[in-house]
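Work through the following exercises with the sequence and the coordinates side by side. Each task is followed by a solution that goes step by step.

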Amino acid sequence: GKVTAFSDGLRVDDQAFTGTGINIKTAKDSSIYIDSRCFRGSVDILRKDNGKLLVINNIDIDEYLYGVLYHEVSHRWPAECLKAQAIVARTFALYQARQNKLQPYDLRCDIYSQVYGGRSGEKWSTTHAVDSTRGKILTFNGDIFPAYYHATCSGYTEDALNLWNVDIVPLKGVPCNFCGQSKHYRWSKEIPLAKLESKLKESGSKI
């Protein structure tokens with residue numbers, strides 16, 4: 001049904017529910033459809049202070065990864081590559097969940113966490129990669145490794161300290177020759193000189 005927010009709760013079609021949110025559960029192996037996308041597990045729909053809705057999909061980590069891998073790598077890649085990506089994605093999910101411990105959710109469904117498409121984004125090959133690496137993660141000095149990853153570095157990886165508050169040896173910038181064939185290896189963007197000058201002045205540069 002259609003879910004909307006009102007001052008004291010939520011309304012599903014014509015039925016009103018007071019409180020800050022509702023939980024929707026399904027029978028075993030059934031799915032939930034939200035905006036034509038299919039999801040496993042259960043769903044919390046929370047009313048935000050601005051009157052908008054926050055939708056949270058509750059699933060275990062490997063079911064989450066089923067809906068992630070297809071959106072982050074090609075499901076046609078070699079099996080060992082998909083398995084490596086499954087381990088990285090599982091590690092990054094656990095790391096991000098810890099970073100978001102003050103939020104009502106563990107992970108977002110976009111590039112700020114990992115792209116998650118729910119059950120609609122599952123393929124046999126990526127699901128097999130998740131299943132065959134179950135329980136495996138990357139660690140560094142006895143802790144969860146901040147397993148940031150990207151598609152293309154254009155010849156040199158960025159030092160993670162310049163982007164996030166992460167200062168460890170494995171995430172220092174290094175030369176990289178692995179992505180030279182990527183269509184994103186070289187790119188350009190036009191910026192008007194006046195805008196560039198304005199931005200540099202705002203940041204304290206003398207122009």
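**Exercise 1.** Describe the lining of the second largest pocket, starting from its centre.

*Solution.* Of the 33 residues that line the second largest pocket, those nearest its centre are Phe 39, Val 55, Ile 56, Asn 57 and Tyr 116. A pocket here is an open set of points on a 1 Å grid over the protein atoms alone, where a 1.4 Å probe fits, with protein on both sides within 12 Å along at least five of seven lines, and lining residues have an atom within 4 Å of a point. The volume of this second largest pocket is about 980 Å³, a volume being the space filled by probe spheres set on the points.

Next, assign the lining to elements, which are DSSP runs (helices H or I of at least four residues, strands E of at least two). Strand S8 (53-58) gives the most, with six residues. By class, the lining divides into 24 nonpolar, three polar and six charged residues.

Two remarks on the source apply throughout. The model is predicted, so that local features need pLDDT of at least 70 and side-chain atom pairs count only at pLDDT 80 or more, whereas totals for chains, interfaces and linings use all residues. Residues are numbered from 1 along each chain as its sequence is written, and side-chain values use heavy atoms, with hydrogens and water left out.

**Exercise 2.** Characterise the largest pocket in the same way.

*Solution.* The volume of the largest pocket is about 1400 Å³. Its lining has 41 residues, and the closest to the centre are Tyr 148, Tyr 149, His 150, Ala 151 and Thr 152. Helix H1 (61-72) and helix H2 (79-99) each supply at least two lining residues, and H2 gives the most, with eight. The classes are 27 nonpolar, 11 polar and three charged residues.

**Exercise 3.** Find the largest nonpolar core and examine the contacts of one of its members.

*Solution.* A nonpolar core is a set of buried Ala, Val, Leu, Ile, Met, Phe, Trp, Tyr and Cys residues joined through side-chain atoms within 4.5 Å, where buried means under 20% relative accessible area, exposed over 50% and partly exposed in between (1.4 Å probe, protein chains only). The largest one has 14 residues, and among those that touch the most other members are Tyr 64, Leu 69 and Tyr 116. H1, H2 and helix H3 (124-132) each give two or more residues to this core, with H1 giving the most, five. Leaving aside residues up to four places away in sequence, Leu 69 touches Leu 82, Gln 85, Ala 86, Ala 89, Thr 126, Ala 129 and Val 130, contact meaning heavy atoms within 4.5 Å.

**Exercise 4.** Why is the pair of Tyr 95 and Tyr 148 edge-to-face?

*Solution.* Rings of Phe, Tyr and Trp (its six-membered ring) pair if their centres lie within 6.5 Å, and planes under 30 degrees apart count as stacked, over 60 as edge-to-face and the rest as tilted. The whole structure holds seven aromatic pairs. For Tyr 95 and Tyr 148 the centres are 6.0 Å apart and the planes stand at 75°, so the pair is edge-to-face. Because Tyr 95 lies in helix H2 and Tyr 148 in the loop between strand S10 (143-144) and helix H4 (193-202), the pair ties together parts that are 53 residues apart in sequence. Tyr 95 counts as buried, at 7% relative accessibility. Together with Phe 92, Tyr 149 and Trp 164, Tyr 95 and Tyr 148 form one aromatic cluster.

Conventions: Nonpolar A, V, L, I, M, F, W, Y, C, P; charged D, E, K, R; others polar.
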